[in-house]
Amino acid sequence: MRVIAGTYKNRMLEFKKNKEIRPTKQIVKKSFFDSIFYIIENSVFIDLFAGNGFMGIEALSRGAKKVFFVDKDDTFIKKNLQNLNISSDKFEIYRMDVFNFLNLNVVENADIVYIDAPYSMKIDELVVFLLKKLKKDAIVCVESNEMVENEHVFKIKQFGNSILNYLR
């Protein structure tokens with residue numbers, strides 16, 4: 001896997017290879033960032049269920065001013081950030097359960113939230129709770145294997161068994 005565009009373009013990223021972690025495909029990542037190109041510069045980006053940190057790192061590469069990485073295992077997030085020599089004032093890592101993170105006062109400042117939960121996890125309640133905490137113009141994107149049933153969905157893009165659900 002590599003960074004697609006921006007400051008760290010073409011830099012390789014390490015990732016854990018096992019059945020539990022499903023890195024976001026390059027085509028999905030490209031489509032997502034092409035969709036939000038107009039707001040990524042100087043944005044606050046939250047990468048929920050960050051896994052290896054690919055989405056948050058791509059956001060930093062494309063000009064996000066701050067990224068919050070949230071995952072129970074931060075091993076590869078730390079490795080990738082260190083390998084790219086990204087300044088620690090550009091990110092914060094929260095090694096915790098996503099639901100606990102959402103109770104912190106960090107979420108209200110987000111411009112963009114990317115959710116890449118395990119496909120087997122039901123995240124309807126998480127999305128509803130998150131939308132209540134975010135500012136009105138913030139964008140939430142849920143990568144899933146099914147469409148999100150919510151009145152705030154404004155765009156859906158499908159790539160094989162991966163579906164990007166955009167909510168505002």
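**Cores, buried positions and a pocket in the predicted model**

Thr75 lies in helix α4, and in this predicted model the residue counts as partly exposed, at 37% relative accessibility. The side chain of Thr75 is joined to that of Asp73 by a polar contact of 2.6 Å. With respect to Glu143, which stands 68 residues away along the chain, the C-alpha atom of Thr75 is separated by 22 Å.

Helix α4, which spans residues 75–83, is among the elements that give two or more residues to the largest nonpolar core. This core holds 30 residues, of which Phe32, Phe45 and Phe69 touch the most other members. Two or more residues are also contributed by each of α1 (26–35), α3 (54–61), β2 (66–71), β4 (112–115), β5 (139–144) and β7 (162–167), and the greatest contribution, five residues, is that of α3. A second core, separate from the one just described, consists of 27 residues and includes Val44, Phe49, Leu126 and Val127.

The contribution of α3 can be set beside the accessibility of its residues, since eight of the eight residues in this helix are buried, each having under 20% relative accessible area. The buried residues of α3 are Phe54, Met55, Gly56, Ile57, Glu58, Ala59, Leu60 and Ser61, a set that includes the charged residue Glu58. Just after the helix, Gly63 adopts a positive phi of about 110 degrees.

Phe32 illustrates how parts of the chain that are distant in sequence are brought into contact: when neighbours within four places are left aside, this residue is in contact with Phe45, Met55, Ile112, Tyr114, Cys141, Leu164 and Tyr166. One of these partners, Ile112, is found in strand β4 and is buried, with a relative accessible area of 0%. Beyond its neighbours within four places in sequence, Ile112 is in contact with Phe32, Ile36, Ile39, Ile40, Ser43, Val44, Phe45, Ile46 and Ile139. The C-alpha atom of Ile112 is separated by 15 Å from that of Val128, a residue 16 places apart from it along the chain.

Ser43, which appears among the contacts of Ile112, lies in the loop between α2 (37–40) and β1 (44–48). Because its relative accessibility is 2%, Ser43 counts as buried. Apart from residues up to four places away in sequence, Ser43 touches Gly63, Ala64, Lys65, Lys66, Asp111 and Ile112, so that the glycine with positive phi just after α3 is also among the partners of this loop residue.

Lys66, another partner of Ser43, is found in strand β2 and, although a lysine, is buried, with a relative accessible area of 17%. Two polar interactions are found for its side chain: a polar contact of 3.3 Å with the side chain of Glu92, and a polar atom that lies 3.4 Å from the backbone oxygen of Asp89. Both of these residues also belong to the wider set that Lys66 touches, which, residues up to four places away in sequence not being counted, comprises Ser43, Val44, Phe45, Asp89, Lys90, Phe91 and Glu92.

Positive phi values were also found outside glycine. Most residues other than glycine have a negative phi. Asn42, in the loop between α2 and β1, has a positive phi of about 65 degrees and counts as partly exposed, at 48% relative accessibility. In the segment before α1, Asn10 has a phi near 70 degrees, likewise a positive value, and is partly exposed, with a relative accessible area of 46%.

The second largest pocket has a volume of about 210 Å³. Its lining is formed by Val128, Leu131, Lys132, Leu134, Lys135, Lys136, Ala138, Asn150, Glu151, His152 and Arg168. By residue type, this lining divides into five charged, four nonpolar and two polar residues, the charged group being made up of Lys132, Lys135, Lys136, Glu151 and Arg168.

Notes: Residues numbered from 1 in each chain as written. Predicted model: local features only at pLDDT ≥ 70, side-chain atom pairs only at ≥ 80, totals over all residues. Heavy atoms only, no water. 1 Å grid on protein atoms, 1.4 Å probe; cavity = no way out; pocket = protein on both sides within 12 Å on 5 of 7 lines; lining within 4 Å. Points joined across faces, edges and corners; volume = space filled by probe spheres on them. Core = buried A, V, L, I, M, F, W, Y, C linked by side-chain atoms within 4.5 Å. Buried < 20%, exposed > 50% of the residue type's maximum accessible area, 1.4 Å probe, protein only. Helix = DSSP H or I, 4+ residues; strand = E, 2+ residues; numbered from the N terminus. Contact = heavy atoms within 4.5 Å. Polar contact = N/O pair within 3.5 Å; in protein donor to acceptor, adjacent residues only side chain to side chain.
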